[in-house]
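User: I'm new to this structure and would like to learn how to read it. Can you walk me through a few features?

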Amino acid sequence: EDNNIYYFGDLDYEGIGIYESLSGMFEKSCRIRPFLPAYEKMLEKADQAVQLPKTKEQQNRSIQNLFFSYFSESQAGRMRRLLEEELYIPQEILNITDF
């Protein structure tokens with residue numbers, strides 16, 4: 001009950017959808033939050049990336065705003081723009097040297 005549970009995955013429609021699904025499934029027993037430091041670092045590294053991968057086809061693009069509500073307006077806007085541009089940030093953009 002006193003534990004904090006954090007989610008971290010790709011910054012794409014599927015990753016956000018997985019978070020929202022898990023959050024909804026467990027909302028009565030615990031609160032799952034995005035692991036903000038990792039997502040913030042992903043955005044920072046994406047700014048330095050030569051090229052980000054294209055969003056995979058056939059992704060369910062039906063997402064809510066729950067995930068974005070944990071971030072600043074600026075960060076959420078950057079994430080939405082990436083998705084609209086059909087790009088995503090894989091979680092593998094981060095490695096042990098980032099923390």
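Analyst: Sure, let's begin with Glu44, which sits in helix 2, residues 36-48. Helices (H or I, at least four residues) and strands (E, at least two) are DSSP runs, numbered from the N terminus. This is a predicted model: local features need pLDDT of at least 70, side-chain atom pairs count only at pLDDT 80 or more, and totals for chains, interfaces and linings use all residues. Residues are numbered from 1 along each chain as its sequence is written, and side-chain values use heavy atoms, leaving out hydrogens and water.

User: Is Glu44 buried or exposed?

Analyst: Buried means under 20% relative accessible area, exposed over 50%, and partly exposed in between (1.4 Å probe, protein chains only). Glu44 has 38%, so it is partly exposed. Phe35, in the loop between strand 2 (32-34) and helix 2, is partly exposed too, at 33%.

User: Which residues of helix 2 are buried?

Analyst: As a general idea, an α-helix has 3.6 residues a turn, so residues three or four places apart point the same way. In helix 2, the buried ones are Ala38, Tyr39, Met42, Leu43, Lys45 and Ala46. They pack against strand 1 (5-7), strand 2 and helix 3 (73-84), where contact means heavy atoms within 4.5 Å.

User: What span should helix 2 have?

Analyst: The expected span is 1.5 Å times one less than the number of residues. Helix 2 has 13 residues, so it should span 18 Å; its end C-alpha atoms lie 19 Å apart, which agrees.
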